Structures are given as structure tokens and as C-alpha cells.
Amino acid sequence: MDFINQQVYNNGSYINLQIPKFCPQCGAVNNPETIILSKQNIKTSDKNELVISASHHCNACNKSHFTIQVESTGGSYLAKSVYPETQPSLLPEEIYELSPRFVKIYGDSEAAEQRGATELAGTGYRSALEILIKDYALKYSEDGKDTISKLNLANAIGKYFKGEFFSAAEVVRLLGNDYTHWEKKYDFKLEQLKAYLNVFIDHVKVQIMLKEPIVSTKKN
Ligand SMILES: [Zn+2]
């Protein structure tokens with residue numbers, strides 16, 4: 001986890017805390033409202049250390065994360081523990097609006113990945129792809145819910161995406177299958193699957209931006 005420093009006013013003076021660079025809840029650049037919950041001298045080993053616990057409220061997601069910090073030099077602290085300990089990627093706004101369930105599954109998969117559960121994460125990213133494609137099709141294709149829900153992932157990709165973006169989704173599907181099937185066919189790393197998924201996410205974002213321009217672009 002990457003950290004940045006934050007100055008916090010406490011009992012008449014400023015102290016320097018270490019906070020996660022990105023909000024552990026939503027992935028936004030972190031600039032939280034910090035509250036010192038406790039400050040105590042604690043005998044940790046053969047020495048006493050000044051230990052504080054702090055909560056950090058993120059204005060982007062309206063949730064708090066916590067840290068436990070130990071004084072290093074006068075008034076400066078180092079974060080020893082962060083909760084939650086995961087670091088989600090910030091997904092595009094357009095994707096949040098199109099498919100909240102995709103965002104949830106993507107985030108859960110990322111949390112699994114960061115805890116070393118790569119098999120579970122691989123399966124999760126594949127499931128996330130299917131949700132994103134079907135939510136996209138429901139909003140932007142002529143097809144209704146009944147038609148879309150009957151498609152398996154391979155058919156859905158083939159029906160709604162062409163060219164290189166078909167290929168990006170296909171790579172995620174084929175590699176993702178390796179995590180769900182007993183027999184593994186390919187030699188690859190999870191980061192590679194995720195990189196193709198991210199290419200695909202960016203493509204969907206661009207499609208939404210073009211289909212729904214923020215100002216009217218119709219010719220008179
Ligand atoms: Zn947040």
C-alpha cells in the first residue's frame with residue numbers, strides 16, 4: 001500500500017500522520033477528515049512507544065477507514081496497520097452508473113487478489129465481465145432481458161462486440177475459464193487477465209461517453 005502524509009491538528013499542535021494514498025474503500029485519491037481516537041504510551045518491546053489510533057472519513061464515498069500509528073520522530077507517525085487493508089482501483093464514473101453489480105464483483109475480486117487468493121480472483125473477474133456485458137447490452141442493444149439472460153458469456157461477447165474489443169473480452173473469458181475449469185489450458189498471470197479486462201472497461205466507458213455526450217451534438 002502507498003502512503004502519503006497528512007497534517008492533523010491535535011491538542012493544540014500539528015502532528016504528521018501517514019494515510020493511504022488512495023481510499024481503501026473506494027480508491028479515490030485520499031484527502032480524508034481525520035479524527036484521533038486514542039493516544040497512549042504503550043510498552044511494545046523493551047521500549048515505550050506513543051501509539052495513536054485514527055479514523056479517516058473519505059468524502060468521496062462517505063465511509064471511514066482506520067489506522068494505527070506509532071510515533072517515529074517528534075510529532076511524526078508511521079502507519080503500522082490499516083483497515084480495510086485492501087486498495088481498490090477507482091473505476092470510471094460511467095461504469096459505476098451502468099453496472100453497480102460489476103463494480104461490486106470487480107472490487108471483491110480485487111480484494112481476493114490482494115490477499116493472495118488468485119484462483120478466486122480469476123473466477124471473479126470473469127463473472128464481473130459477464131455482468132458488465134449484459135448490463136451494457138440491456139441498456140444499449142435492442143435485446144430485452146429474456147434474450148440477454150439466456151446468452152452464455154461467449155455468445156454475449158460475440159453478439160455485442162466486434163474487432164479488437166471482441167478480442168479483449170475473449171481473452172478475459174478464455175483465461176477466466178482456466179480458473180473455473182479443472183483442466184488448465186494456458187500459462188499466464190492474473191495481472192495479464194486483469195490488463196485485458198481493464199482495456200475492455202475503458203472501451204465500454206468510451207462507448208457510453210459517445211452514446212451519451214454531455215452536451216447535445218445534433219445538427220440543426
Ligand atoms: Zn472513499
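1. Strands β3 and β4. In this predicted model, strand β3 covers residues 33-43 and strand β4 covers residues 48-58. The two run antiparallel and are joined by 10 bridges. K43 stands opposite N48 of β4. Together β3 and β4 make a hairpin, with four residues between them.

2. Strands β4 and β5. β4 also pairs with strand β5, residues 63-73. The sense is antiparallel, and the pairing extends over eight bridges. For register, take V51: its opposite number in β5 is V70. This pair is a hairpin too, with four residues between the strands. N62 in that hairpin has a positive phi, near 65°.

3. Strands β1 and β2. Strand β1 spans residues 3-10 and strand β2 spans residues 13-20. They are antiparallel, with eight bridges joining them. Y9 faces Y14 of β2 across the pairing, standing opposite that residue. Two residues lie between the strands of this hairpin.

4. Backbone at N11. Which residue in the turn of the β1 and β2 hairpin has a positive phi? The residue is N11, at about 50°. N11 is not a glycine, yet its phi is positive. Its place is the loop between β1 and β2. When checking backbone torsions, look at N11 along with N62, whose phi is also positive, near 65°.

5. A cis peptide. The bond from Y83 to P84 is cis. Its omega is near -5°. Where does P84 sit? P84 belongs to the loop that lies between β6 (76-83) and α1 (93-98).

6. Domains. The domain assignment splits the protein chain into domain 1 (3-83) and domain 2 (93-211). Over C-alpha atoms, the centres of domain 1 and domain 2 are separated by 36 Å.

7. Helices α3 and α6: geometry. Two packed helices are described by the angle between their axes and the distance between the axes. Helix α3 runs over residues 118-140, and helix α6 over residues 163-180. Their axes come within 8 Å and cross at roughly 140°. That angle is why α3 counts as oblique to α6. The crossing is left-handed.

8. Helices α3 and α6: contact. On the α3 side, the contact is made by E119, G122, T123, Y125, R126, L129 and I133. On the α6 side, the residues are A169, V172, R173, G176, Y179 and T180. How do the residues of this contact of α3 with α6 divide? Six are nonpolar, four polar and three charged.

9. Helices α6 and α7: geometry. α6 also packs against helix α7, residues 190-211. The angle is about 145° and the axes are 9 Å apart. Here, too, α6 passes α7 in a left-handed crossing.

10. Helices α6 and α7: contact. From α6 come F165, A168, A169, V171, V172, L175 and G176. They meet L193, Y196, L197, V199, F200 and H203 of α7. By class, the contact of α6 with α7 has 11 nonpolar and two polar residues, and no charged ones. The contact of α3 with α6, by contrast, includes three charged residues.

11. Shared residues on α6. A169, V172 and G176 of α6 appear in the contact with α3. A169, V172 and G176 are also among the α6 residues that meet α7.

Conventions. Residues are numbered from 1 along each chain as its sequence is written. This is a predicted model: local features need pLDDT of at least 70, side-chain atom pairs count only at pLDDT 80 or more; totals for chains, interfaces and linings use all residues. Two strands pair if DSSP finds at least two bridges between them. Domain bounds come from an automatic or database domain assignment. Axes are lines fitted to C-alpha atoms, for helices over the stretch in contact, and angles run from 0 to 180 degrees between N-to-C directions. Angles under 35 degrees count as roughly parallel, over 145 as roughly antiparallel, 65 to 115 as roughly perpendicular and the rest as oblique. A crossing is left-handed if the near helix is turned anticlockwise from the far one by less than a right angle, and right-handed if clockwise. Two residues are in contact if their C-beta atoms, placed from the backbone, lie within 7 Å. Ala, Val, Leu, Ile, Met, Phe, Trp, Tyr, Cys and Pro count as nonpolar, Asp, Glu, Lys and Arg as charged, and the others, Gly among them, as polar.
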